[in-house]
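Colleague: Could you walk me through this one slowly? I am still getting used to the vocabulary.

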Amino acid sequence: MKYKAIFFILALSLFGCSNQNDKSDAYGNFEAETVIVSSEASGKILQLNVEKGQKIDAGSVTALIDTVQVYLKLQQIEAQKTAVEAKRKSVNAQVAVFEEQKKNLQTNEIRVKQMLADGAATQKQLDDITGQISVINRQIESTKTQFTAITTELQVLETQMESTLDLLNRCKVISPANGTILETYIEQGELAAPGKPLFKMANLGELTLKVYVSGAQLPGIKIGQEVKVLVDKNDTENQSFTGKITWISSEAEFTPKIIQTKEERVKLVYAVKVAVKNDGTLKIGMPGEVSWQ
């Protein structure tokens, strides 16, 4: 009996040492880089194509905002452009008429010059035709100045067109990245406004384990270092992942309140982020441990 008791005490001692050696270097919880997608246009939500827990791809249309007013604005601008183009054609027609009149006067000028040389016309007749040609030239120049105003007007309308088309495109809410919908803040049929959040998403394919280390541990870690990450598999086993340190805080802070004991909470520590590829096992908020190996 005596030897059995000694063996039992020795086993407990070895087990305690083993646990102490296997103790992880840092603890924390998993989090994800979230993106809140907001509306860039105002109007009623005609379609909402996302729901909580849904996976979406980058570039997919997640919502459609009422485009009726924007479309009507486009129609109005198109009509204005047509009217301005009609003005341009009218000015071109006026210039063509003046050019034809000028051509006829120039023909008559040549004839009068010949007649004047033969003594069959007077200098006054030639001067009159020359004066008429000068007037026609001034009319042509004056009429052509309208092209500048027409061109400017068309440029303004083109700018308005581009702005309205951009607004039309913003009525389609596009997913900025691949990810999973975490929360939705609006329902189909409700009114959206510029800057109003529509939903929150995150890429759950890679989560970040945020842990806290002491100043004594800090020299032993570096950005880019691969580490061993452990999470609870069941009551007695852990599941192991490979992680990589992506960020180390440059300033010390008090241990967050999620740490259970008061002694731990009052210590100054440094926050460290570890990126871990997620096979679906890891969840936001799940506790994890890190070993520097």
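Modeller: Let me begin with a definition: two strands pair if DSSP finds at least two bridges between them. Strands (E, at least two residues) and helices (H or I, at least four) are DSSP runs, numbered from the N terminus. This is a predicted model, in which local features need pLDDT of at least 70 and side-chain atom pairs count only at pLDDT 80 or more, while totals for chains, interfaces and linings use all residues. Residues are numbered from 1 along each chain as its sequence is written, and side-chain values use heavy atoms, with hydrogens and water left out.

Colleague: OK, so what is the bridge partner of Leu-48 in S5?

Modeller: That partner is Ala-63, and Ala-63 in turn has Val-173 as its bridge partner in S6.

Colleague: And what is the strand order of the open sheet?

Modeller: The open sheet has 4 strands in the order S6-S5-S3-S8, with antiparallel pairing. Its edge strands are S6 (172–174) and S8 (191–192), each of which pairs on one side only.

Colleague: How many bridges are there between S3 and S5, and between S3 and S8?

Modeller: S3 and S5 (residues 61–65) pair over 3 bridges, whereas S3 (residues 43–48) and S8 pair over 2 bridges. In S8, Leu-191 is the bridge partner of Lys-44.

Colleague: Switching to helices, which residues of H3 are buried?

Modeller: Taking buried as under 20% relative accessible area and exposed as over 50%, with partly exposed in between (1.4 Å probe, protein chains only), the buried ones in H3 are Leu-126, Ile-129, Ile-133, Ile-136, Ile-140 and Thr-143. Seen down the axis of H3, they fall within an arc of 115°, so they line one face of the helix; the arc is that of the directions from the helix axis to the C-beta atoms. On the other side of H3, Lys-124 and Glu-141 are exposed.

Colleague: What covers that buried side of H3?

Modeller: The cover includes helix H2 (68–118) and helix H4 (146–170), and the buried residues of H4 pack against H2 and H3, where contact means heavy atoms within 4.5 Å.

Colleague: What about Thr-164, is that one buried or exposed?

Modeller: Thr-164 is in helix H4, and because its relative accessibility is 8%, Thr-164 counts as buried. Leaving aside residues up to four places away in sequence, Thr-164 touches Val-70, Lys-73, Leu-74 and Ile-77.
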